[in-house]
Amino acid sequence: MSGQIFSFQDNRKFITPSSAGISRQKGVQQDLASQTLALSGLLQTTLVIEELIPLFFKQLNRVIAFDGIHFQKPDDKIDVGLGIQIGHSCSYQLQVATEELGTLDFIRRSPFSDEDLNTIESLLAGTLYPLRNALLYHKAQRSAMLDPLTGAGNRTAMDNTMHREIELARRYDIPLSLILLDIDHFKGINDNYGHLHGDTALQEVARCANKTIRDSDLLFRFGGEEFLILLNNTGPEGAYQLAERIRYSIEMTSPIPSLDLRITASFGVSTLNDDDDTETLFKRVDDALYRAKENGRNRVVIC
């Protein structure tokens with residue numbers, strides 16, 4: 001049956017190091033134990049999630065045939081899918097002790113037999129500790145790329161991501177847009193209410209942006225009171241509409257109710273052209289923001 005899930009708890013079977021592969025016959029179990037050990041050693045050659053999951057996919061396919069794999073850990077914003085994503089599936093919630101490692105789905109066109117599931121579960125034991133190490137590395141890398149005040153990506157993360165996303169947009173011929181926003185009269189907020197309340201205003205703007213953008217969109221603190229949003233697979237009209245929703249959300253918020261402090265922001269929007277590079281794309285969105293400021297602030301200008 002299409003979309004079948006082998007459910008044991010919360011629609012997931014929980015896999016821990018001690019629970020995998022305990023029901024196998026002795027000879028088969030020893031062979032799988034050897035394969036599991038070899039798999040674990042191979043997976044420990046990388047700490048990058050985006051490399052580890054494809055490596056596991058390739059190695060497991062040598063033992064049991066399947067057509068797709070999907071790993072998710074939403075709280076760390078990790079979502080890696082390979083191969084087909086529609087068909088019969090078995091799904092596992094991975095954990096070490098009480099530490100949740102995420103959900104791993106296996107997909108293929110034909111149903112999974114009990115023997116298939118036993119094999120998968122035995123080999124999953126070799127994945128847990130390499131996966132745990134990769135997740136710890138991912139968290140450390142992600143923390144180093146975040147602005148500590150707002151939780152948005154920092155300037156280093158923005159520079160690295162811009163180059164990568166422009167390359168991907170060109171390779172796959174998909175639209176890529178930028179939104180650059182600047183809090184209006186931010187110096188007056190700091191001068192009149194103090195830097196502590198200025199920090200609160202920055203955090204509120206980041207919150208308004210984050211709650212409006214999609215999971216696939218990326219928010220960065222460009223510097224001072226400026227934020228940049230990178231929109232994958234989004235053309236100019238979609239980017240403009242999203243900027244308007246963020247602008248309205250900021251205008252309607254009251255970050256410090258006791259002071260009746262109101263904030264607004266100005267927005268520039270631009271979309272990648274065929275002859276753009278990082279510098280020219282950013283210059284155009286910066287020009288659009290400048291025009292929004294010159295034309296009265298609290299508005300969106302597209303260029």
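These are my notebook entries on a predicted model of one protein.

**Overall layout**

I began with the whole chain. The protein has 303 residues, and buried ones make up 47% of them. I found nine helices and ten strands. I then looked up the box that holds the C-alpha atoms. Along the principal axes it is roughly 75 × 45 × 35 Å. Next came the contacts between residues at least 6 apart in sequence. Of these, 65% join residues at least 24 apart.

**Largest pocket**

I went to the largest pocket next. Its volume is about 1800 Å³. I counted 46 lining residues. Which of them lie nearest the centre? They are E50, K77, H138, R164 and L218.

I then asked which elements give two or more residues to this lining. The helices are α2 (49-60), α4 and α5 (155-172). The strands are β2 (68-73), β3 (78-83) and β7 (218-223). The largest share comes from α5, with eight residues. I also sorted the pocket lining by class. It has 23 nonpolar, twelve polar and eleven charged residues.

**Largest cavity**

I looked for enclosed space as well. How many cavities of 30 Å³ or more are there? The count comes to one. The largest cavity has a volume of about 30 Å³. I noted its lining: K73, E99, E100, L101, L135, L136 and K139. Two elements give two or more residues to that lining, β5 (99-108) and α4 (128-144). By class, the cavity lining holds three nonpolar and four charged residues, with no polar ones.

**Helix α2**

I checked the length of α2, since it helps line the largest pocket. This helix has twelve residues, which should span 16 Å at 1.5 Å a residue. Its end C-alpha atoms are 16 Å apart, so the helix agrees with expectation. I listed its buried residues too: I49, L52, I53, F56, F57, Q59 and L60.

**Helix α8**

I moved on to α8, residues 236-252. It has 17 residues. From first C-alpha to last it reaches 24 Å, close to the 24 Å expected at 1.5 Å a residue. Which residues of α8 are buried? I noted A239, L242, A243, I246, R247, S249 and I250. Seen down the helix axis, they fall within an arc of 160 degrees, so they line one face of α8. A general point on helices belongs here. An α-helix has 3.6 residues a turn, so residues three or four places apart point the same way.

I then looked up what that buried set packs against. The partners are α7 (195-212) and the strands β6 (176-183), β8 (226-232), β9 (265-271) and β10 (300-302).

I picked S249 from α8 for a closer look. Its relative accessible area is 13%, so S249 falls under the 20% cut-off and is buried. I set aside its neighbours within four places in sequence. S249 is then in contact with C208, K211 and T212.

**Glycine G126**

I turned to G126, in the loop between α3 (114-124) and α4. Is G126 buried or exposed? It is buried, with a relative accessible area of 2%. I looked for its contacts beyond four places in sequence. G126 touches T36, L39, S40 and L43. I also checked its distance to G41, which is 85 residues away along the chain. The C-alpha atoms of G126 and G41 are separated by 8.1 Å.

**Positive phi values**

Last, I looked at backbone angles. Most residues other than glycine have a negative phi. I noted two residues with a positive value.

A97 has a phi near 55 degrees and is not a glycine. I found A97 in the loop between β4 (88-96) and β5. Its relative accessible area is 60%, so A97 is over the 50% cut-off and counts as exposed.

D173 has a positive phi of about 55 degrees, and it is not a glycine either. Where is D173 found? It sits in the loop between α5 and β6. Its relative accessibility is 70%, and D173 counts as exposed.

Note on methods. Residues are numbered from 1 along each chain as its sequence is written. This is a predicted model: local features need pLDDT of at least 70, side-chain atom pairs count only at pLDDT 80 or more; totals for chains, interfaces and linings use all residues. Side-chain values use heavy atoms; hydrogens and water are left out. On a 1 Å grid over the protein atoms alone, a cavity is a set of points where a 1.4 Å probe fits but cannot get out, and a pocket is an open set with protein on both sides within 12 Å along at least five of seven lines; lining residues have an atom within 4 Å of a point. Grid points are joined across faces, edges and corners, and a volume is the space filled by probe spheres set on the points. Helices (H or I, at least four residues) and strands (E, at least two) are DSSP runs, numbered from the N terminus. Ala, Val, Leu, Ile, Met, Phe, Trp, Tyr, Cys and Pro count as nonpolar, Asp, Glu, Lys and Arg as charged, and the others, Gly among them, as polar. The expected span of a helix is 1.5 Å times one less than its number of residues. Buried means under 20% relative accessible area, exposed over 50%, partly exposed in between (1.4 Å probe, protein chains only). The arc is that of the directions from the helix axis to the C-beta atoms. Contact means heavy atoms within 4.5 Å.
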